[in-house]
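Open the structure in your viewer and keep the selection panel at hand. This tour goes from one selection to the next.

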Amino acid sequence: MGQPSWNDVDGYIVDRLVPPDDALVAALETNKAAGLPAIDVSPAQGKFLHLIARMVGARRVLEIGTLGGYSTIWFARALPSDGVVVTLEALPEHAAVARKNIERAGLTAKVDLRVGPALETLPLLAGEGGGVFDMIFIDADKRSNPEYLRWALKLARVGSVIIVDNVVRDGAVLDANSGDKDIQGIRRFFDDLAGEARLSATAIQTVGSKGWDGFAIALVDRG
Ligand code: SAH
Ligand code: DHB
Ligand code: MG
């Protein structure tokens, strides 16, 4: 046997622990056919998010960045029958694919998909007073991560969990002089996290079928 790769090990993990699932497989196929970028969380990461949602007993999940709804389906399946995932997507063409995938998964009743730039839909959501979120997943345009963190805090309660995807980007996060607005957004987000007394946080690097990246995870410790 040659030197196994991260990807091989991810394949082994998914083969043992994340059995194939019709709705999720179909969602990825539909995304591909519609020309969506393959930037969904990996199967192992999707199940990880699902398990965290169950561990914290989440009833209301907020997701920023829907794409084709792959992670949305993992979250919706973690919720009780009266639970909801509010998921925000800027692009109508992505949202249309997500609607189809969520419908096929039989989860339409648990998903509230809002179309528009999140920095426009978040104030509307906050103004509705529909209640706080138990878990918030930030996975949209990385340059806006500092603003998304502020909204997450407004929409959370003590005990809520905030998870942010793609905070490592092949190590590019270390480049303080990066001209990439997304990298600068991730770095400002880390600074804000470090200085935010209401949160206790860490970040975990990940390798696997989506390459080298990572999640930040924060617990709201006080209001
Ligand atoms: N969470 C998804 C992947 C999201 S990819 C999954 O794991 O399956 C990031 C998504 O964020 C893309 O669909 C992109 O169109 C969307 N996006 C980018 N900028 C946005 C913005 N300003 N507001 C809302 N969504 C945005
Ligand atoms: C990109 C976005 C993501 O959410 C992701 O998981 C991977 C890549 C991107 O915009 O390139
Ligand atoms: Mg992502």
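## Around ligand 1

Select ligand 1 and show its surroundings: of the 22 residues around it, S71, E89, H94, A118 and D139 come nearest. Keep in mind that this is a predicted model.

Next, show the polar contacts of ligand 1. Start with E89: a polar atom of its side chain lies 2.7 Å from an oxygen atom of the ligand. Move to L67, where a polar backbone atom is 3.4 Å from an oxygen atom of ligand 1. Then pick A90. Its backbone offers a polar atom 3.1 Å from a nitrogen atom of ligand 1.

Now turn on the surface. On its own, ligand 1 has 580 Å² of accessible area, and the protein covers 89% of that. The ligand sits in the largest pocket. Colour α4 (70-76) and β2 (84-89): these are the elements that give two or more residues to the shell around ligand 1.

## The magnesium ion

Which residues coordinate the magnesium ion (ligand 3)? Select D139, D165 and N166; they bind through OD, OD and OD1 atoms, at 2.0 to 2.1 Å. Along the sequence, the donor residues follow the spacing D-x25-D-N. Trace the chain between D139 and D165: they are 26 residues apart and link distant parts of the chain. D139 is in the loop between β4 (133-138) and α7 (145-154), while D165 belongs to strand β5 (residues 156-165).

Are these two aspartates, D139 and D165, buried or exposed? D139 has 14% relative accessibility, so it counts as buried. D165, at 5%, counts as buried too. The cut-off for buried is under 20%.

Finish on D139, which is among the residues nearest to ligand 1 and also coordinates the magnesium ion.

Note on methods. Residues numbered from 1 in each chain as written. Chains lettered and ligands numbered in written order. Predicted model: local features only at pLDDT ≥ 70, side-chain atom pairs only at ≥ 80, totals over all residues. Heavy atoms only, no water. Donors = N, O, S within 2.8 Å, 3.2 Å for Na, K, Ca; no water. Helix = DSSP H or I, 4+ residues; strand = E, 2+ residues; numbered from the N terminus. Buried < 20%, exposed > 50% of the residue type's maximum accessible area, 1.4 Å probe, protein only. Near = heavy atom within 4 Å. Polar contact = N/O pair within 3.5 Å; in protein donor to acceptor, adjacent residues only side chain to side chain. Areas by Shrake-Rupley, 256 points an atom, 1.4 Å probe, with all protein chains shown as cover. 1 Å grid on protein atoms, 1.4 Å probe; cavity = no way out; pocket = protein on both sides within 12 Å on 5 of 7 lines; lining within 4 Å. Sits in = over half its atoms within 2 Å of the grid points.
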